[in-house]
Amino acid sequence: MGFWLLGLCNNFSYVVMLSAAHDILSHQRASGNQSHVNPDPPLTPHNSSSRFDCNSVSTAAVLLADILPTLVIKLLAPLGLHLLPYSPRVLVSGICAAGSFLLVAFSHSVGTSLCGVVLASISSGLGEVTFLSLTAFYPRAVISWWSSGTGGAGLLGALSYLGLTQAGLSPQHTLLSMLGVPALLLASYFCLLTPPAPQEPGGEEEAETSARQPLMGSEAPESKPESRSNLSLPERWTVFKGLLPYIVPLVVVYFAEYFINQGLFELLFFRNTSLSHAQQYRWYQMLYQAGVFVSRSSLRCCHIRFTWVLALLQCLNLAFLLVDVWLSFLPSIYLVFLVVLYEGLLGGAAYVNTFHQIALETSDEHREFAMAAACISDTFGISLSGLLALPLHDFLCNLP
């Protein structure tokens, strides 16, 4: 339960910022704080010369602000983050998550809002590296619970943002209502999660006492770092090369799905529906996250060893929706809803099965490093998709 809640709280701010991307960018066309008062501006084209009803800035800009700091953290983490104890890392993650909600909620400009998105990215990236490394000291089953929690964050984050704004709450008040999530993150780590059982025999009484103590009082993972953290650079490079068959398919999966999410969602605009453009975008995000939650929670039911198959299927999804953006051949938004749900199922399955295989096939002394190093996979793919989605947006939105 501790790892499920940590997964839920860690990814929550990241997901909410992506769900709010369309509203964040509406600052550029809203006067004063208008976007906070009216969650759904009138359905008028933002770029009247384009059939796509484009924002002047692509939602990929929000994606890059939400992922590039995470990429930097994950690139540097295998080199020395293990030297910093777990508790300070978790504190920084919680504080950054709370700061992101406050900064975006009270922002009056796109620039300030993007700074808040950067804080959410720091929180999510630092937390993911920290908690995935921490799984190395627990039974492998916690990976399934962590993955399910991150999937739950996607679903609950997107659903809560969609539901509260649909109910008439402004984006500002919606974000402020989510400040309890960082507090729950800290409470889950310091009060709920217990340290792992002693690595060496210490008798039943010692094990029972250790199991009752929260990590704040006993940093068990740091107490015996020699066997897992002190790997030489050649050892780390050897382990990383062995991870490439897992890393490469996951990079491809996340590149394809986030190219869809932040490059194509805002362009898949249907005028023959009662949903406004902003509402359509929020529904896409929510359905994608619903698919992710289901598949990230499916490890007990279904194991997929060959994740390259998921990468291939996700690329076919990208090609299909890219053709639809260009030709507009799908007659109904509900068909897109089904494709988006399927896209989420593929992405979540790739994530949980990749880390499950790594946990199974790496030795005990390498597992902590391997889990932290493999974190780069999804982040690298997402970053690449954001960089390529920006010119696509500019090209398509300048078409008549």
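Phe 329 sits in the loop between helix 14 and helix 15 (333-361). Helices here are DSSP runs (H or I) of at least four residues, numbered from the N terminus. The model is predicted, so local features need pLDDT of at least 70, side-chain atom pairs count only at pLDDT 80 or more, and totals for chains, interfaces and linings use all residues. Residues are numbered from 1 along each chain as its sequence is written, and side-chain values use heavy atoms, leaving out hydrogens and water.

**Surface patch**
- Phe 329 is partly exposed, with a relative accessible area of 39%; the term covers values between buried (under 20%) and exposed (over 50%), with a 1.4 Å probe and protein chains only.
- Phe 329 joins Phe 320, Val 323, Trp 326, Leu 327 and Phe 395 in a nonpolar patch on the surface.
- Patch residues have over 30% relative accessible area and no salt bridge, and nonpolar side chains are joined within 5 Å.
- A salt bridge puts a side-chain nitrogen of Lys or Arg within 4 Å of a carboxyl oxygen of Asp or Glu.
- Together the patch residues have about 590 Å² of accessible area, by the Shrake-Rupley method with a 1.4 Å probe.
- Helix 14 (residues 308-327) gives the most to this patch: four residues.

**Largest cavity**
- A cavity is a set of points on a 1 Å grid where a 1.4 Å probe fits but cannot get out.
- There are four cavities of 30 Å³ or more.
- The largest cavity holds about 220 Å³ of space.
- Its lining has 22 residues; Asn 11, Tyr 14, Tyr 258, Arg 296 and Asp 378 lie nearest its centre.
- Lining residues have an atom within 4 Å of a point.
- Helix 13 gives the most to the lining of the largest cavity, with four residues.

Definitions and conventions:
Patches are made of residues with over 30% relative accessible area and no salt bridge: like charges are joined within 9 Å, nonpolar side chains (Val, Leu, Ile, Met, Phe, Trp, Tyr) within 5 Å. Helices (H or I, at least four residues) and strands (E, at least two) are DSSP runs, numbered from the N terminus. On a 1 Å grid over the protein atoms alone, a cavity is a set of points where a 1.4 Å probe fits but cannot get out, and a pocket is an open set with protein on both sides within 12 Å along at least five of seven lines; lining residues have an atom within 4 Å of a point. Grid points are joined across faces, edges and corners, and a volume is the space filled by probe spheres set on the points.
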